[in-house]
Structures are given as structure tokens and as C-alpha cells.
Amino acid sequence: MKLLDINTWDRKQHFEHFSKLKDPYFGVTIPFNVEHAYQYAKDNKVSFFGVYLHACMTAINAVENLKYRIVDNTVQICDTIHASATIMRSNNTFGFSFIDYDKDLHVFLSNLSAEKRRIERTPDLFPLVNGLNCIHCSALPWLDFSGHKEPVSGQMDSVPKLAFGKAVKQQSNLVMNVAINVNHALVDGYHISLFSEIFQKNLNK
């Protein structure tokens with residue numbers, strides 16, 4: 001990670017205000033058309049979750065503010081953001097993963113499969129690799145939710161948190177709601193709109 005100079009940062013006052021809040025996170029839930037991504041996964045016999053997660057991670061890595069992290073009251077920027085997704089085991093327990101991001105979808109899908117195998121074989125909750133250079137995300141494919149709340153530790157946190165809902169048919173489209181929660185000291189609604197636009201473009205490829 002690379003340290004940013006807060007004193008010359010155009011968000012200095014914004015950061016100083018919101019970083020003092022007990023819970024500086026704000027969240028929105030956004031509907032995405034996943035019809036093309038679902039059909040691609042079906043036609044190529046690959047994980048639908050992996051396809052849309054890759055589209056999401058590519059969008060995350062394209063928005064600089066989503067790569068900012070707070071470390072000891074300083075702001076740092078990560079080179080690459082990876083995915084720490086909740087993965088369910090066959091016994092309905094779960095473990096946290098750390099899936100290395102790669103621009104190549106097939107490499108990313110291979111990394112996801114390796115983490116799935118590791119989690120299935122161990123009762124451990126946490127992955128072997130962990131850090132701030134990730135997002136925390138969960139898939140809730142059983143629920144078509146329109147709102148979502150993440151747990152809050154009470155400690156300073158700056159990792160974006162996402163939840164992916166159930167994909168449901170709406171007229172001729174397949175729509176999935178995605179909740180995203182971010183630290184307002186680092187990210188504004190504008191940056192979420194950039195992420196949303198890029199994510200949908202990636203899903204349409």
C-alpha cells in the first residue's frame with residue numbers, strides 16, 4: 001500500500017469529519033441486470049457467482065476511492081483489491097476466503113475454486129491470507145432483499161462490504177440486488193455511482 005499525504009488531499013476536511021464518527025459507514029442497495037452474466041456462466045459451465053464476482057472486483061479496482069484504506073489514522077491506497085468472500089461448506093457452516101483478483105476471468109475462477117476446496121476441507125473461519133487489500137462480501141442467493149445491514153465492530157474500519165442477493169426475473173431481465181457499504185470518510189455517493197456504472201458494463205460483456 002502507498003501512503004497518501006492527508007494534508008494535501010482535497011478530501012482532508014471530509015476525512016477528518018467522518019473518520020470521527022462511531023459508525024462512518026453508509027450503504028445503498030442497487031439492482032443490477034445479470035442476465036448476460038448468468039447466460040455466460042450457464043453456456044460455459046462455470047460458476048455464476050464467480051462470473052459476477054469477477055465483474056464486481058474489476059469495477060472495484062477501477063475506482064480509486066474504493067482502494068483507499070485507513071491505517072493508524074493515515075490514508076493509504078492499495079495496488080490491487082482482492083475478494084474476501086463468505087463461502088458455505090456442504091454442512092452449511094461457512095469460512096472466510098481470500099480470493100486473489102486477476103484481470104483474467106479464468107484465472108480468477110481457478111483462484112475461487114481453490115479457496116472453495118480449502119474451506120471445505122477445514123473448519124477454520126479465517127483464511128491463510130488476510131489483510132485490508134480486499135473487500136468483504138457475501139452471497140445470499142435465497143433472498144431477494146431490498147435493504148441490508150452489515151455488522152459493525154466498533155473499531156475503525158475502511159474495507160468496503162458487499163452482499164449479493166437472489167437473481168430474480170423481472171419482465172425480460174434477470175435482476176440481482178447488491179448492497180454496498182463503504183466508509184464515508186473515503187467514499188461518497190459519486191464513487192458508488194462510478195462503481196455501479198462500471199459493474200453493470202462488466203456484467204454486460
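**Local environments of selected residues**

Leucine 112 counts as buried, with a relative accessibility of 1%. In this predicted model, leucine 112 forms part of helix 4, which comprises residues 105-120. When residues up to four places away in sequence are left aside, leucine 112 touches Ser47, Phe49, Gly50, Ile87 and Ile99. A further relation links leucine 112 with alanine 85: the two residues are 27 residues apart along the chain, and their C-alpha atoms are separated by 9.4 Å.

A second buried position is found in helix 3, which spans residues 48-62 and contains asparagine 61. The relative accessible area of asparagine 61 is 16%, a value under the 20% limit that defines a buried residue. The side chain of asparagine 61 places a polar atom 2.8 Å from the backbone nitrogen of isoleucine 81. Isoleucine 81 is also among the residues that asparagine 61 touches, the others being Lys67, Asp79, Thr80 and Tyr101, with residues up to four places away in sequence not counted.

The cysteines were examined next. The structure holds zero disulfides. Cysteine 78, accordingly, is in no disulfide, and the nearest cysteine sulfur, which belongs to cysteine 134, is 8.4 Å away. For cysteine 137, the closest cysteine sulfur is that of cysteine 56, at 6.8 Å. This separation is too far for a bond, because a disulfide requires the two sulfur atoms to be within 2.5 Å. Cysteine 78 is buried, with a relative accessible area of 3%, and cysteine 137 is likewise buried, also at 3%.

Backbone geometry draws attention to two loop residues. Most residues other than glycine have a negative phi. Aspartate 72, although not a glycine, has a positive phi of about 50 degrees. Aspartate 72 is located in the loop that lies between strand 3 (68-71) and strand 4 (74-77). With a relative accessible area of 74%, aspartate 72 is exposed, because this value is over the 50% limit for exposed residues.

Glutamine 171 also has a positive phi, of about 60 degrees, and is not a glycine. The loop containing glutamine 171 runs between strand 8 (161-170) and strand 9 (173-183). Glutamine 171 is exposed, its relative accessible area being 82%. Both loop residues thus pair a positive phi with an exposed position.

Notes. Residues are numbered from 1 along each chain as its sequence is written. This is a predicted model: local features need pLDDT of at least 70, side-chain atom pairs count only at pLDDT 80 or more; totals for chains, interfaces and linings use all residues. Side-chain values use heavy atoms; hydrogens and water are left out. Helices (H or I, at least four residues) and strands (E, at least two) are DSSP runs, numbered from the N terminus. Buried means under 20% relative accessible area, exposed over 50%, partly exposed in between (1.4 Å probe, protein chains only). A polar contact is a pair of N or O atoms within 3.5 Å; within protein, one must be able to donate a hydrogen and the other to accept it, and residues adjacent in sequence count only if both atoms are side-chain atoms. Contact means heavy atoms within 4.5 Å.
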